[in-house]
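Please read the following walk through a protein chain with its sequence and coordinates open beside the text. The path goes from strand pairings to cysteines and then to helices and a sheet.

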Amino acid sequence: MQQDNSHITLVTPSAPIHPDTHGGRAKCLQRLVRLDLPVPTTVALSFDAVHRIAGGDIPDIEQLVEPFVGDHLLCVRPSSQDPDWGGPGAVLNIGINAERHANLAKEIGSDAADEIYLRFIQAYSTHVARLDPDIFDDIDLGSPNALRDTLDAYEHEAEEPFPQDPKEQLAGVLRSMARAWEGTSARLLRMAKGAPADAGLGLVVQAMVLGLGQGESGSGVLQLVDGVTGLAVIKGRYLTQSQGRDALQAGEKSWFLERDARGPSLQDKLPKAFDALVTHAQLMRRRLREEMQMEFTISNGEVHILDGVRLQRSARAGVRIAVALAEDKIIPREEAVLRIEPRALNELLHRQVDPEAERDEIVTGVAASPGAATGKIVFSAVAAQASAARGEPCILVRRETNPEDIRGMHAAVAVLTERGGITSHAAVIARGLGLPCVVGANEMRFQARSRQIIAADGRVFKEGDTLTIDGTNGQVLSGQPAMLEATLDEAFQKLMSWADDSRDIDVRANADTPADAMTARNFKAQGIGLCRTEHMFFEEDRLTVMREMIFADEVEDRTAALERLLPMQRADFADLFRIMQGKPVCIRLFDPPLHEFLPSERAGMRDLAEALNLPLSRVERRIQALSEHNPMLGMRGVRLGITVPEIYDMQARAIFEATIEASKDGEPVVPEIMIPLVSAKREVELVKTRIDAVAAAVRTEQGVKFDFRLGVMVETPRAALRAGDIAPHCDFFSFGTNDLTQMTYGLSRDDAGRFMSAYVQQGVYVEDPFHTLDTEGVGELLQLGAARGRAAHPALTLSVCGEHGGSPESIAFCRKAGMDYVSCSPFRVPVARLAAAQLAIKDKIG
């Protein structure tokens, strides 16, 4: 045996086996051997060995099987570096042939021997000989002639007899599994799960413990916690006279493990075996420092541990498991924080449909990924990306998804498919992304070409119609029912408090409304990093006044209209200050071009003319006059504040009066006022002069002193380049990476989705720069702006307030660039807090 060969080695306590060379399953089996658990003889093949097998270099099979003393059948299982990356399915009963079948029939009975042989023929036919599995459809597997008929069917289809040489069988299985891993489909699928394109696969060859035959024999799985909830419970199933993971698919035929009133249990039937299994599982938890799922076989009452894999778990369960392991002193708190993928928190944070809400149910499918979301339906990944670029929530509707749809799934708020089950591509990827997902909704007719779906009751839903996906209950609902925000349990709160103990960068939230601010505070945001005031003007009662201001020809008329908006803005800001309870609130002054507040269709223009008592022709001329060829680069932001200064005057007054009002109820409020779209020092000087004048006027009028901080939103390349000129006039810089990315690349967020997939697929961009911060181009501007700003003003506060602020990869860059805080949408705050803590912990431990 090649015991000294690190590529093909017997699994012993001292064998040279590592997850990076042989995979996680091989390493786990070695750990079980070290714990002196009853593991059958196992040989591990390294990534390199499997790669050579895929290329046709088959190892010496005679030497490989040398450690398997006796006439054992064998099984082969995949061993990838990360169990979540998957791999080819296990193949059992390798080595069965006519001679071995005859011997087994004498030992364990002809029925059990037949089942073993049939199982292997079917697996070999599909995975090695690559025959269609339906060649066996017409065979009655319960008949006495089933084995002969199956062998005849194989010989007819393959045009050769079923192989009888165990070594030939093993070589074929090894070659098949190796080549399956290196195939294009498998590579794309594991890359979607985060694996590198060149991720290796190991294989483990293990002696079979049959689970069939004399005495009480069978197989099952056991775990100590629920994989969905994370709560402690002995869970699993056992099936008498079975192999592999049959117990999980046997339904009512399988036994419970613990004593249960609903049916027979292993604890009742075989108490000693049950006690041994629980003891083994508890030992594995303590020594492997992880919640495991244990695969076992019982042969004539004797327990054998075939495998131990990290328990598959939901994000909610993952948090509870990590916290429980830390509280039981099995792992330190810092490790518990590191064990949770930040983006996985999305599953805990998503909303649910209010149980009291009326539900207009269209169809029920498989509840594949929890949470609920509402959006407009789209039928392609490209359409989903375009919708996301426009800021419109969308639901990706597909017959079934494939790796090419992954970017669309990233862009969507939920996924609906006609086909698939709980382990389908859509289901697996959606759970990984934390997306609500319903699959297998086959009672609806999906018509991809006409971009519509037809419900069983005849209702037609076309692209752009609004649906709600309830991934918790597997329901597809028409319209937008009332939602409940996520409720986060004690384990989540503990984990996040541990994260905050380690974090070295602050996390604020982008919040435009009191509801957003309340969510931000509940998620422990350390303030509001961006309040976009223009969102406050789109409510109907304010929109009319806003339009009156736009149509005013004289300064006095504009001022009169703005005075009507003043108390509304003041109340908005006072609410935000009170909710945040003394935490900083950064308010961005008015940013969008004025035409965004005006109707674009003739019917809307007529309504506006009537509301303002103006001739339709004047309304049309005014709208035409305000239209721009490129509004993103036109009359907006600070340019509007300088040319129509009454707007910023009103907003500044509203902020200062709200500051005084909110400070009466608690701690003194120190508002932060941010000037958008700055590109020149003189712009800041002009706006600062007027804001200082408003502040002085309010102090005099009310006889109250207050402080405020003034800063700029660095979102033009020139502002970053000239940061040294601008910084002396500011208290802070907040880098608006959304617009900065647009202007750096010359890309429109609203249109980039049309070609972004092709650009990423062809390697033009590594990633969509609107999803992940471009650290080379945009990042260099951030570093330049930060360095030049701090050189001119050492006490300058720096932050990032674009949606990149919630991206774990972007936070890593922000820490290195010296940012004081990041700001992101409220529901991404916990993700950012956890990501920031993990980065600090990793730096600490090196």
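Which residue in E28 is the bridge partner of Val-714? In this predicted model, the partner of Val-714 is Phe-735, and the pair belongs to a parallel association in which strand E27 and strand E28, the latter covering residues 732–735, are joined by 4 bridges. E27 itself spans residues 709–714 and is mostly covered, with 5 of its 6 residues buried. E27 also pairs with strand E26 (residues 672–675), again in the parallel sense and through 4 bridges, and within that pairing Met-674 stands opposite Gly-711 of E27. Between E26 and E27 the chain passes through helix H26, residues 681–702, and the resulting β-α-β crossover is right-handed.

Strand E14, at residues 394–398, can be followed in a similar way. E14 is mostly covered, since 4 of its 5 residues are buried, and strand E13 (residues 372–378) is joined to E14 in the parallel sense by 3 bridges, with Lys-376 having Cys-394 as its bridge partner in E14. A right-handed β-α-β unit is formed by E13, helix H15 (residues 381–389) and E14. E14 also pairs with strand E15, residues 414–417, in the parallel sense over 4 bridges, and here the partner of Leu-396 in E15 is Val-415.

Cys-394 leads on to the question of sulfur bonding. A disulfide is a covalent bond between the sulfur atoms of two cysteines, and a search of the whole structure finds 0 of them. Why does Cys-394 have no such bond? The closest cysteine sulfur, in Cys-437, lies 14 Å from the sulfur of Cys-394, which is too far for a bond; Cys-394 is moreover buried, with a relative accessible area of 0%. Cys-586 is likewise in no disulfide, the nearest cysteine sulfur being that of Cys-801 at 7.2 Å, whereas the cut-off for counting a disulfide is a pair of sulfur atoms within 2.5 Å. Cys-586 is buried, with a relative accessible area of 0%.

Turning to the helices, one may ask how H6 and H8 are arranged with respect to each other. Two packed helices are described by the angle between their axes and the distance between the axes. The axes of helix H6 (residues 110–127) and helix H8 (residues 166–181) come within 10 Å and cross at roughly 45°, which makes H6 oblique to H8, and the crossing of the two is left-handed. Helix H2, at residues 24–34, is largely enclosed by the rest of the structure, because 8 of its 11 residues are buried; among them are Arg-25, Lys-27, Cys-28 and Gln-30. After H2 comes Asp-36, whose phi is positive, near 60°.

An open sheet of 5 strands remains to be traced, with the order E1-E2-E5-E3-E4 and antiparallel pairing. Its edge strands are E1 (8–10) and E4 (91–94), each of which pairs on one side only, and neighbouring strands of the sheet are turned by 25° against each other on average, direction ignored. Within the sheet, strand E2 (residues 42–45) and strand E5 (residues 201–207) pair in the antiparallel sense over 4 bridges, and Leu-45 has Leu-203 as its bridge partner in E5.

Conventions
Residues are numbered from 1 along each chain as its sequence is written. This is a predicted model: local features need pLDDT of at least 70, side-chain atom pairs count only at pLDDT 80 or more; totals for chains, interfaces and linings use all residues. Side-chain values use heavy atoms; hydrogens and water are left out. Buried means under 20% relative accessible area, exposed over 50%, partly exposed in between (1.4 Å probe, protein chains only). Two strands pair if DSSP finds at least two bridges between them. A crossover is right-handed if, with the strands pointing away from the viewer, the path from the first strand over the helix to the second runs clockwise. Axes are lines fitted to C-alpha atoms, for helices over the stretch in contact, and angles run from 0 to 180 degrees between N-to-C directions. Angles under 35 degrees count as roughly parallel, over 145 as roughly antiparallel, 65 to 115 as roughly perpendicular and the rest as oblique. A crossing is left-handed if the near helix is turned anticlockwise from the far one by less than a right angle, and right-handed if clockwise.
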